[in-house]
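The following exercises concern salt bridges, aromatic pairs, backbone angles, cavities and a pocket. Please work through each task before reading its solution.

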Amino acid sequence: MAKINVSKDQILHRQGDTVDTLDLLLKGGISVRYGEDFSIQAKSGVLLGAFNPPGSKYDCDCVASEDCTIITYDYRSTDDLIAAVQSTPTIAPAIASAMVAYLNSLYGKLSAAYEDACSLVRTLKSNYSEYRNICATLMVAPQKLESIEILFEPLKPDILYGWQMDMCQAYVDQDELLRKSYYSADGAFCVGTIMLAVRTAPLIMQQIDALAAFVSRTKQDTLDFTREYRTQKAKVDEAVRQDAIGSGSSSLPSIQNAMDTILAFAGIDQATADAFRRNIDAFIKAPDKAEKSDVMIRIRREITAAFYTIYEAAFFKSLETPDIPAEVNMFFLFGFIDENLAGTDNTAELYKHALLWENDPEDKIITAYQWLLKIYRGEAIPSKNEFDQDWTDCVREDLRTNTITKKQADDLLIDTKAMVKFELNNMFKTANKMTFGSFFSFIPAFYKENVSTPLEKCLLTPAVVREAIDKIREIDYSCFYRPALASYVDMKINHFEYNVEVLPYIILMPNMGSRGVMWQEIEGRLKLTPAHMMVSIFHLPDINNTMLNLCGKFRWEMCRRIQGVHYSDIREHSLTAEYINYLQFYKKNGELSDDMKEKVKTSLARCHNSFSEVFVSEYELYIKHESNGMSRLNKIAREILFNYCTFSKKYRDALATNPKFAPLVSRWNTKRAAREHSIGFVQVKFEKAAKPVPEEILQEREYVKL
């Protein structure tokens with residue numbers, strides 16, 4: 001015998017541990033968890049382990065729900081149980097009372113399990129009847145499903161209406177009288193009561209297990225029907241909603257049982273679907289969704305893993321389904337899963353936004369679902385993974401390590417389905433969490449507690465994002481231009497450099513978040529391919545500031561890409577080289593005052609000595625304030641930025657009389673005039689030879705006028 005203390009959330013016994021002790025709970029509470037199905041709260045007086053034969057294995061986890069004090073006894077035979085009770089005669093009545101109360105809780109769980117099983121059958125029968133009516137409405141032939149027609153409610157377990165349950169209930173009802181007059185009269189009464197509870201509990205657990213097996217088997221046998229029913233019902237529900245909208249109803253149509261529709265559409269296996277439902281229900285009931293307890297961390301982790309499994313399955317199912325249910329479309333667009341999780345009002349708003357969604361005419365600002373579609377159709381290539389490897393790199397790496405054969409590698413390089421899976425498991429998962437903004441409290445499912453701003457105000461439509469990025473392009477006109485080369489051998493022009501604008505892909509991730517992500521500046525190794533940027537589809541900060549930040553990051557990374565290993569070599573004049581040189585040696589720069597040097601020092605400290613972060617912060621000031629003539633930067637930073645991120649003609653002309661910009665504008669105009677003259681010279685050569693002027697030359701001529 002030993003006395004021990006157990007802290008809250010500490011695991012006393014795990015499922016599978018050997019039963020070799022009796023644990024008398026003197027103070028506190030223990031949660032006895034039978035897998036994911038149910039749990040029972042053991043209170044003071046319960047003898048843990050007594051309901052299992054000595055030497056057997058625990059079929060549950062015993063976790064302290066509060067700080068506990070426990071006395072442990074060796075448990076080798078039934079005699080040890082009797083001896084443990086007899087050794088504590090003063091508290092034996094309390095033990096007997098607690099054991100009966102625990103047994104009564106098991107009866108309650110059995111009764112609930114039986115009702116759940118009957119309810120499942122009744123629901124399936126009702127849905128089958130409704131399904132036939134739905135098919136008549138849609139004018140399609142209903143499937144004849146014997147698995148439903150031959151389904152009957154399970155027989156009620158004998159032990160639920162036998163003498164044992166009546167006696168147990170009587171013991172509970174007369175507990176106070178029994179403690180005073182019965183248990184205390186003789187210790188043998190306590191032992192007899194406890195032994196009755198110990199021998200009855202396994203019979204109840206057998207019935208609970210049998211009902212659980214019935215429910216699992218029934219769900220599995222009727223899975224095809226459930227999917228067919230939810231699919232057809234979604235069509236009718238959508239038609240009703242459309243009629244309500246068409247009739248001019250002021251109230252938005254309601255959505256119910258959305259999770260069932262989404263899971264049925266995705267075709268997820270029953271075990272995954274049930275576990276997902278349990279975790280979503282637990283998350284809904286949690287008072288603090290961002291709690292860092294082990295339980296909440298596990299729930300969030302399991303929801304996240306299942307969410308992406310469902311998303312992948314639903315995506316591939318959507319490729320072969322002409323009519324995607326509204327609930328599934330909301331899932332693809334916004335991460336919507338359940339109307340109770342999202343909230344009724346939010347659900348109606350999400351439905352409205354999904355219904356009215358308009359795609360980007362230029363097909364550059366797109367939802368995550370549309371992006372995956374582009375990859376599947378071969379219109380785009382997957383993003384790089386967190387190790388900066390693109391799809392081709394990963395396939396070649398697997399080939400190099402003999403993970404796959406040459407034939408498999410060749411097949412994978414053109415397998416767009418495998419590419420989609422790669423994107424889902426790499427960029428999609430990581431960027432979804434990054435744009436959300438909080439790594440610790442993240443789940444990809446939309447939930448109402450995360451909504452801090454009206455959805456209407458923070459929704460990023462392609463038009464809203466386009467407006468934000470065009471504001472930047474209006475000022476920093478060359479932001480997305482990059483150099484390209486052309487040669488015209490017949491005209492003896494071997495090297496003509498011109499500039500091409502390549503707008504980025506901006507992917508709207510299905511969450512409500514606070515960050516933008518500059519994922520990559522080009523695709524693969526081709527410098528004339530678009531960048532990949534990600535933002536939340538419901539974006540809490542000002543999108544103008546977020547896009548400005550992303551453009552600054554793009555500027556830096558694109559220069560690094562073009563310059564290669566020479567990106568920091570001041571002999572190779574470039575944006576990054578000159579900025580790094582300026583920040584490294586600002587203390588020795590005679591053109592900076594002591595006050596300015598102190599400001600540079602502060603900026604470096606604030607940005608953790610990251611040159612790129614300092615550049616981005618000063619780029620933001622440059623575009624927002626310097627473009628309007630408001631001085632925010634020192635002379636060196638302003639000159640570098642003006643040389644490489646020059647304002648458009650409209651802004652240059654406005655700043656031409658500003659003393660701080662006049663010399664910069666003058667030099668720029670001289671440089672541009674020389675460039676325009678050289679282009680004109682090349683153009684004249686073609687005109688004299690009576691040949692059409694190439695598009696690249698005409699394009700460059702327009703570019704120098706911007």
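**Exercise 1.** With which residue does Glu362 form a salt bridge, and how far apart are the closest N and O atoms?

*Solution.* The model is a predicted one, in which local features need pLDDT of at least 70 and side-chain atom pairs count only at pLDDT 80 or more, while totals for chains, interfaces and linings use all residues. Residues are numbered from 1 along each chain as its sequence is written, and side-chain values use heavy atoms, with hydrogens and water left out.

Step 1. Apply the criterion: a salt bridge is a side-chain nitrogen of Lys or Arg within 4 Å of a carboxyl oxygen of Asp or Glu. The partner of Glu362 is Arg466, with the closest N and O atoms 3.7 Å apart.

Step 2. Locate both ends, taking helices (H or I, at least four residues) and strands (E, at least two) as DSSP runs numbered from the N terminus. Glu362 belongs to the loop between helix H14 (344-355) and strand E9 (365-367), and Arg466 to helix H20 (residues 462-475); the pair links distant parts of the chain, 104 residues apart.

Step 3. Assign the burial class: buried means under 20% relative accessible area, exposed over 50%, and partly exposed in between (1.4 Å probe, protein chains only). Glu362 is partly exposed because its relative accessibility is 47%. Arg466, at 12%, is therefore buried.

**Exercise 2.** Determine how many salt bridges the rule yields, and classify the ends of two further examples.

*Solution.* Step 1. The count comes to 34 salt bridges.

Step 2. Asp388 pairs with Lys384 at 3.6 Å between the closest N and O atoms. Asp388 has 49% relative accessibility and so is partly exposed, whereas Lys384 has 6% and so is buried.

Step 3. Arg571 pairs with Asp569, and here the closest N and O atoms are 3.0 Å apart. Arg571 is exposed because its relative accessible area is 70%; Asp569 is buried because its value is 17%.

Step 4. Salt bridges also join Lys219, Asp260, Asp274 and Arg277 in a network.

**Exercise 3.** Which residues of the loop between H14 and E9, and of the loop between H23 and H24, have a positive phi?

*Solution.* Step 1. Recall the background: most residues other than glycine have a negative phi.

Step 2. In the loop between H14 and E9, Asp363 has a positive phi, near 60 degrees. Asp363 is partly exposed, because its relative accessible area is 33%.

Step 3. In the loop between helix H23 (594-606) and helix H24 (611-624), the residue is His608, with phi near 55 degrees. His608 is exposed, because its relative accessibility is 68%.

Step 4. Return to Asp363 through its contacts, where contact means heavy atoms within 4.5 Å. Lys374, in helix H15 (residues 368-376), touches Asp363, Ile366, Glu379, Ala380 and Tyr505, residues up to four places away in sequence not being counted. Lys374 is buried, because its relative accessible area is 8%.

**Exercise 4.** What is the geometry of the aromatic pair formed by Phe642 and Phe647?

*Solution.* Step 1. Rings of Phe, Tyr and Trp (its six-membered ring) pair if their centres lie within 6.5 Å; planes under 30 degrees apart count as stacked, over 60 as edge-to-face and the rest as tilted. The whole structure contains 40 aromatic pairs.

Step 2. Phe642 and Phe647 are edge-to-face, at 6.1 Å centre to centre and 85 degrees between the planes. Phe642 is buried, because its relative accessibility is 0%, and Phe647 is buried, because its value is 0%.

Step 3. Ring pairs also build a cluster, among whose members are Phe307, Tyr311, Phe332 and Phe428.

**Exercise 5.** Which helix gives the most to the lining of the largest cavity?

*Solution.* Step 1. On a 1 Å grid over the protein atoms alone, a cavity is a set of points where a 1.4 Å probe fits but cannot get out; lining residues have an atom within 4 Å of a point. Grid points are joined across faces, edges and corners, and a volume is the space filled by probe spheres set on the points.

Step 2. The largest cavity has a volume of about 90 Å³. H5 gives the most to its lining, with 5 residues. Helix H2 (92-138), helix H5 (163-173) and helix H7 (187-221) each supply at least two lining residues, and the lining includes Val100, Trp163 and Leu196.

Definitions and conventions:
On a 1 Å grid over the protein atoms alone, a cavity is a set of points where a 1.4 Å probe fits but cannot get out, and a pocket is an open set with protein on both sides within 12 Å along at least five of seven lines; lining residues have an atom within 4 Å of a point.
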